[in-house]
Amino acid sequence: MATTALEHTHVAKRSTLVEWLTTVDHKKIGILYGASAFLFFLIGGIEALIIRAQLARPDSTLVSPEFYNQLFTMHGTTMIFLGVMPLSAMFFNFFIPLLIGARDVAFPRLNAMSLWVFMLGGLFMNASFLLNAAPNGGWFGYAPLSSRQYSPGLNMDFWVIGLQILGIASLAAGVNFFTTILNMRARGMTLMRMPMFVWTTLITQILVLLSFPAITVALIMLMADRTYGSSFFSIGGGGDPMLWQHLFWVFGHPEVYILILPAFGIISEILPVFSRKPLFGYSAMVFSSAFIAFLGFGVWSHHMFSTGMGPLADTFFSLATMLIAIPTGVKIFNWIGTLWGGSLQFKTPMLFALGFIAMFIIGGLSGVMHSVAPADLQQTDTYFVVAHFHYVLFGGSIFALTAGAYYWWPKMFGTMLSETIGKWHFWLMLAGFNLTFFPMHFAGLLGMPRRIYAYPAGLGFEMFNVMATAGAFLLAFSILVFMYNMWVSARRGVPAPADPWGGATLEWTIPSPPQEWNFTDEPVVAERDPVWGMKRAAGVRTLPEPTRSSGQGIHLPGPSWWPLVVSVGILIFFIGFMVKKSWAFPFGPITIAGFLLTAIGIFKWAYEAPDANAPKH
Amino acid sequence: MIRDLRTFSRRHLPLLLLAAAAVTLTGCFDHSLYPQSTLSPKGDYAEMVDSLFQTTVWYATVVFILVEGGLLWAIYKFRGKPDDAEPKQVHGSTTVEIIWTIIPALVLAVVAVPTVKTIFDTAKVPTASPDGSQPLKVEVIGHQWWWEFRYPELGITTANQLHVPIGRTVDLRMKTVDVLHSFWIPQFAGKRDVFPNRETRLWFTAKATGEYPGACAEFCGIQHGRMDFYVMVNTPEEFTAWVAQRQADSTLAPTGLPKAPAPAATDSVGVATVPVAADTAAPVVLAAADPKVAEGQALFSAKGCIGCHSLNSVGAPKGMLGPNLAGIGTRKMIAGGWLPNSDENLHRWIKTPQAVKEGVLMQVPEMTDAEVDALVAYLRTKQ
Amino acid sequence: MSSATLAHDEAHEGHHTSLPIDNRKLAIWTFIGSECLFFATLISTFLIYKDNHPKGPGPKEIFEVGLVTAGTAVLLFSSFFVVMALNGAQEGNRKKMLGWLAATIFCGLFFLGMQVYEFNHFYHEGLGYTTNLFGTSFYTLTGFHGTHVAIGTLWLITVFKDAVKGNLPPAKALNLELAALYWHFVDVVWIIIFPVVYLMSLRS
């Protein structure tokens, strides 16, 4: 009987605060990423609701222009860096080791450091609201507006420093997961036998490693301008504001692929399971993902069509952007090909995955419209582009992440999310999302610019804004439904078996939730979709429920305080730059203190053996 | 219900197609409701762009119907039950991969050709208007949060309301004095950003007279949302009259400029009259000799307005902090092209600019209502 | 070659790796890859702004190429020295390891000293951080490089300390190899900076 195996489940020993703060377990770290990212997502969502409330009527005075500008700047920054990226990180952390059959990531303490640096960076940026100095220069911080001259307050300092801190977290994670995926796969798992989510994660990490340096340098230069009076982007000293745009978008465009590739991977995991047949065109999917990432470095100036770069540059970037549409289209067709001839099971993860495809098609097509440079001159900086990127980022990334949440929740927490509530969540979210963002296509084409805190009556924008606001509140309600689902599942959820969906990949062979060491015996893999292979060989549809073992003889890395210490040191180091200092001593006492704390932390860390504090087995 | 879907679709196919077309054609709105629309171009540049856009939309719609339709069809056709037999385990098909790589590539190539052509066609500022006349040079200067317009060949300056003659190509040479802005007049052209260290170019030829709202389209600080402007497309006669009026607007004797008769103070202006919001009283224009006007003129200097605003359209110095106010009496909008130019609004704007447009750089000393009334009266005479 | 087999053995020492390379070595290479983009961006910025000196000294007035050439040579030799030190560590030759490692560290300190002297000299010659954009981008680029040299030198000193204490047997030679890889990278970056920043400014 199904429940008998589950009676052997572990006694859920609740972890103490110290255990959470010092954990190096990728699964705990994943949960921490997820919880904080979801909280930031809610904050970003509230910012959006206030924006929508303000824009519901023309000439509204609900919020001041200054506060509005803070709201949209923080909404964008939060959703990208504190929402989608760490939600993806939740899945990288929890599932990459499981998918490749490993016990943990290559560098567990570095992994913890990434988490704490992210969390502290996110809290730091949002703390700016308490000083009424939240960043207000847009999430893209164009010069010269972001210079000290035109943004004299602390607002943009919070932005520059906050992003710099978050960049460190991402870079460390990039090194970590790149190494993990390349070097810690189970025996027999060649690259072309890796699950698609592992592929897209690998490619995402390469994008992070190669694109973040550009923004790191750009932020260093902007901080030098703001703090030390240099003129990298100020014409007064001979600088060029265009340099900021180029550096920002050389990072910024790969960044959007960083945001969508994990989503692509999640969809490629879910569709086969719920179609009961393999992913169509695995090789094509791998190569198209790689091609998209590679091409993604060659299209950045399609964000700059209105800057007058000249017809040759415009042509190059138009054509390059159109080119990227081809591998993207190939992926969509392969997903449909996966569905084709299958036996589709419409469980909640599948609903969100199908919703993803449906919405991403729209977002992708509006993207192709943007690639036509002359037409983009009408569309850019209007609500048309706002519609486009919300279709790919919400209809795309968020829908996919939600699909992943429903898919992997049972494995992570050992309970099932309710299917009934899940279906309500899906339909309400689909309706709310489309009601919010589809009208924006029209608002934009009919002349409504973006980033405006109010619009006049008489230009015809009213109807679309009312629809978008109504949709936004419906969308918010659907999130509440999701939260209710999580709460109900946590309190009295049906216990989850190891393999509730009929999965193909290794995570479904271990108990839900997994034991600390993941796999009692290191798996050996002979093919793609190894677990379907095992089921086929055994002639069963579901493998027998795995038993929990004692973990005897398995060595795991031990907890450590040093990642948290180093993270705090990094935060203090950067905060030091916000405090005025003299030229003679360019690094003030706070910066020096932060540096020392970081250095000490790193030394202690280096000399602490990875299993120094591990419990003896 | 679903069982009948197939028959339903076949029977009602024409209706469904019509519905699809209707949805697509909702792109064709009643254009008069959308004065800032990109979809009803009134100038050659915007027409070229719109034509390209419409082509792209058609291809995108067809692709959408096919792909989204394919998705929905697959969802319907292959819906399964948990106890279904295992479906055929297909891994892929190289032929199919090639086909669905080549077809999108071809579609994109077809879109790419007119794209590149339009890029080059719109990049080059025409050397002559379609009617053979010389293009009208206009310098556009972006400020936080208003637009300055200079006509170097005519020697005049104005702000927030750009007058152009119909049929004559306008050659815009653009910069900003502070942060980045973007000049966007959708009915006539795409948008173009303005930079502090180099000139950007844009051009258009208006094909219909009228008043057209435009906006700043690059986030430029606290009042980016209220940095609008108007383009007034005049008949050649109206334009000449307006230019003449501006050229007369000067305490400096204009040299070498085409002479035009100075209009009498009570003459109707001939160009756009001051719009009246339904619930505000019509602006009152006093005679130039009225004592209130004189008082206003004195206050204009005494209260420091003259430090930032020039009332001379001719010889207006560059780098003034505030918009040129020549012709302010009859400008359609104030406060940066968005607030209707009624006496009440103008009064409020002068008395408490921060309450009207928080963060604006306009500094005003304390003034009584009577003083502000006098200023308004004075400015009203600046037609 | 011996180091290849050694690396191969090391990779299998602790646990199985999918590629024949230790995790930490792969990580350092990955990090170096990212850092290449970091320095490429800084170098590009320098190239954009190097002729931007309307006031204050420009490269021709201020660069002391002789001194910098000496520093470059020292840095180049130090890469050779650290290879010898690594050799010593892998062979278990304590004297060889310590001697060459000390020489490497000395070279790093010399280079840093040269840079400190250079920056100080430039400052007194009228090129502050914000005097002109040539200076700003020069100081930023070489300053960040110098910071990397400093970190590398500090790393080598800690490895030296471990070696002196006897904590660097051949089985742990990877610890030195990781620092050496980082050191080589820092050297390679300078090999690009030196001609691009100093030598190119001598012409035209």
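Let us start where chain A meets chain B: 26 residue pairs, both members at pLDDT 80 or more, are in polar contact across this interface. Keep in mind as you look around that this is a predicted model.

Many parts of chain A take part here. On the side of chain A that touches chain B, at least two residues each come from helix H4 (65-100), H8, helix H9 (282-295), helix H10 (311-339), helix H11 (348-371), helix H12 (373-379), helix H14 (419-445) and helix H16 (530-538) of chain A. The largest share belongs to H10(A), with 15 residues. Sorted by class, this side of chain A holds 57 nonpolar, 27 polar and eleven charged residues.

How much surface does this meeting cover? The size of an interface is often given as the accessible area lost when the parts come together. For chain A and chain B the buried area is about 7400 Å², and 68% of it lies on carbon and sulfur atoms. Three residues, A:Phe333, A:Gln378 and A:Leu446, provide 9% of the area that chain A buries against chain B, more than any other three residues. In terms of residues, 95 from chain A are in contact with 89 from chain B.

Charged partners also appear at this interface, where two salt bridges are found between chain A and chain B. One of the pairs to look for is A:Asp59 with B:Arg226, a salt bridge whose closest N and O atoms are 2.6 Å apart.

Now turn to the other partner of chain A in this tour, chain C. Here 34 residues from chain A and 32 residues from chain C make up the contact. Together chain A and chain C bury about 2800 Å², with 69% of that on carbon and sulfur atoms. How many salt bridges are there between chain A and chain C? The count is zero. Polar contacts do occur, in eleven residue pairs between chain A and chain C with both residues at pLDDT 80 or more.

On the side of chain A that touches chain C, the elements giving two or more residues are helix H6 (155-183), helix H7 (196-228), helix H8 (241-275) and helix H18 (589-607) of chain A. H7(A) gives the largest share, ten residues. By class, this side of chain A counts 22 nonpolar, nine polar and three charged residues.

Next, have a look inside chain B, beginning with a sheet. Strands of a sheet pair through backbone hydrogen bonds, either parallel or antiparallel. One open sheet of chain B has five strands in the order S3-S2-S1-S5-S8, with mixed pairing. At its edges are strand S3 (156-159) and strand S8 (200-205) of chain B, each pairing on one side only. Neighbouring strands of this sheet are turned against each other by 25 degrees on average, direction ignored. Strand S5 (residues 169-176) of chain B pairs with S8(B) in the antiparallel sense over six bridges, and B:Thr169 has B:Thr205 in S8(B) as its bridge partner. H5(B) packs on this sheet, touching strand S1 (136-143), strand S2 (146-151) and S3 of chain B, and its direction makes about 100 degrees with that of S3(B).

Chain B offers another open sheet of five strands, in the order S4-S10-S9-S6-S7, again with mixed pairing. Strand S4 (161-165) and strand S7 (192-194) of chain B stand at the edges with a single partner strand each, so one side of each has no neighbour in the sheet. The twist from one strand to the next averages 25 degrees. Strand S6 (residues 181-184) and strand S9 (residues 210-216) of chain B pair in the antiparallel sense over two bridges, with B:Cys216 in S9(B) as the bridge partner of B:Phe183. Helix H5 (residues 236-248) of chain B lies across S4 and strand S10 (228-234) of chain B, running at about 130 degrees to S4(B).

Finally, return to chain A for a few details of the backbone. Most residues other than glycine have a negative phi, and most peptide bonds are trans. The peptide bond from A:Ala143 to A:Pro144 is cis, with omega near -5 degrees, and A:Pro144 sits in the loop between helix H5 (108-127) and H6 of chain A. The loop between H5 and H6 of chain A also holds A:Asn132, whose phi is positive, near 50 degrees. Another cis peptide bond runs from A:Ser512 to A:Pro513, with omega near -10 degrees. A:Pro513 lies in the loop between helix H15 (462-492) and H16 of chain A.

Note on methods:
Residues numbered from 1 in each chain as written. Chains lettered and ligands numbered in written order. Predicted model: local features only at pLDDT ≥ 70, side-chain atom pairs only at ≥ 80, totals over all residues. Heavy atoms only, no water. Contact = heavy atoms within 4.5 Å. Buried area = accessible area lost by both parts, 1.4 Å probe. Salt bridge = Lys/Arg side-chain N within 4 Å of Asp/Glu carboxyl O. Polar contact = N/O pair within 3.5 Å; in protein donor to acceptor, adjacent residues only side chain to side chain. Helix = DSSP H or I, 4+ residues; strand = E, 2+ residues; numbered from the N terminus. Nonpolar A, V, L, I, M, F, W, Y, C, P; charged D, E, K, R; others polar. Pairing = 2+ DSSP bridges. Axes fitted to C-alpha atoms, helices over the stretch in contact; angles between N-to-C directions.
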